[in-house]
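Trainee: Before we look at individual residues, could you show me how to read the layout of a sheet and the helices that pack on it?

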Amino acid sequence: MISEKRVAMVSGASRGIGAAIAETLLSAGWNVSLGVRAPASSRFLDHPDALVCPFDALDPESETAWVQATIARFGRLDGLVHNAGIMIPKSVLDAGDDDFDMIFNVNVKSPMRLSQHAWHYLADAKGGRIVTVASLSGKRVKSASSGLYAMSKFAVVALGHALRQCGKESGVRSTIICPSFVATDMGNALAGRDSNELTQPEDIARIVHMVLELPVTASISEIPVHFSVEDCY
Ligand SMILES: NC(=O)c1ccc[n+]([C@@H]2O[C@H](COP(=O)([O-])OP(=O)(O)OC[C@H]3O[C@@H](n4cnc5c(N)ncnc54)[C@H](OP(=O)(O)O)[C@@H]3O)[C@@H](O)[C@H]2O)c1
């Protein structure tokens with residue numbers, strides 16, 4: 001059966017920004033397919049409009065299975081949100097090959113593969129959207145310890161723009177969200193500020209929701225999000 005509601009897949013929806021995106025989309029009347037590493041502990045398991053699927057960015061087979069499970073349950077796909085990500089706080093002088101491979105596998109290669117698997121369904125939706133939660137670290141490098149992470153985020157920003165170029169005819173549109181510090185486990189560990197001073201995950205979720213619903217004639221390529229005026233480029 002094909003769902004009458006729009007359907008989005010959200011990676012890394014166990015906590016932080018991903019969980020907030022899932023919550024916001026469900027409240028807005030979307031069906032949401034959550035990709036998480038530990039489905040049994042998801043607080044969305046009993047939600048009637050949610051599907052909680054195993055997804056590990058280091059396991060390519062889990063990506064195809066997640067897309068197939070989403071289509072099997074809802075019959076359509078309107079939005080794909082690349083949110084899962086990791087930070088390895090190492091400078092480019094300290095990072096080893098293992099660090100490089102790990103951060104690029106999770107932050108870059110998995111979103112590319114997921115986009116490939118989902119593309120056909122997004123194109124079928126005639127208005128499919130891909131939203132990538134990248135980072136302002138994908139636009140500028142402000143510290144040595146964010147160097148490796150920034151390399152991966154610059155790459156995923158490029159992926160978002162490259163996907164945009166692929167969508168000219170099908171109407172699939174790709175948008176990249178570039179936050180600075182957000183009050184999540186990751187952001188709180190890095191910012192060295194009170195979490196109330198940081199961008200809230202719910203506000204990133206509002207932006208993602210808006211982008212998913214904008215028409216093809218009002219498509220935004222990138223959205224930088226600053227928690228403070230001190231934090232501009
Ligand atoms: N917080 C910030 O300040 C900030 C700023 C700019 C951009 N971002 C980006 O925003 C996104 C979400 O970050 P967040 O702040 O919500 O971070 P977070 O609280 O650390 O959550 C990270 C999410 O990614 C998932 N994840 C990590 N490794 C994974 C893997 N191998 N496979 C599947 N999922 C995996 C985690 O799942 P588990 O629960 O299983 O670990 C979790 O759901 C990331 O891409 C991050 O780079 C964050």
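**Reading the sheet**

Mentor: In this predicted model, seven strands make up an open sheet, ordered β3-β2-β1-β4-β5-β6-β7, and their pairing is parallel. The strands at the edges are β3 (50–54) and β7 (222–225), and because each has a single partner strand, one side of each is left without a neighbour in the sheet. From one strand to the next, the twist averages 15°.

Trainee: What holds strands of a sheet together in pairs, and how many bridges join β4 to β5?

Mentor: As a general idea, strands pair through backbone hydrogen bonds, in either a parallel or an antiparallel manner. Here β4 (residues 79–82) and β5 (residues 129–133) run parallel and are joined by four bridges, and H82 stands opposite T132 in β5.

Trainee: Which strands does helix α2 touch, and which does helix α6 lie across?

Mentor: Helix α2 (residues 60–74) packs on the sheet, where it touches β1 (7–11), β2 (31–36) and β3, and its direction makes about 160° with that of β3. Helix α6 (residues 201–213) lies across β1, β4, β5, β6 (173–179) and β7, and runs at about 160° to β5.

Trainee: Turning to a single residue, is A155 buried or exposed, or does it fall in between?

Mentor: A155, which lies in helix α4 (residues 147–166), counts as partly exposed because it has 18 C-beta neighbours inside 10 Å, whereas a buried residue would need 20 or more. Leaving aside neighbours within four places in sequence, A155 is in contact with F104 and V108. A155 and K109 are 46 residues apart in sequence, yet their C-alpha atoms are 9.6 Å apart in space.

Terms used:
Residues are numbered from 1 along each chain as its sequence is written. This is a predicted model: local features need pLDDT of at least 70, side-chain atom pairs count only at pLDDT 80 or more; totals for chains, interfaces and linings use all residues. Helices (H or I, at least four residues) and strands (E, at least two) are DSSP runs, numbered from the N terminus. A residue is buried if 20 or more other C-beta atoms lie within 10 Å of its own, exposed if 12 or fewer, and partly exposed in between; C-beta atoms are placed from the backbone. Two residues are in contact if their C-beta atoms, placed from the backbone, lie within 7 Å. Two strands pair if DSSP finds at least two bridges between them. Axes are lines fitted to C-alpha atoms, for helices over the stretch in contact, and angles run from 0 to 180 degrees between N-to-C directions.
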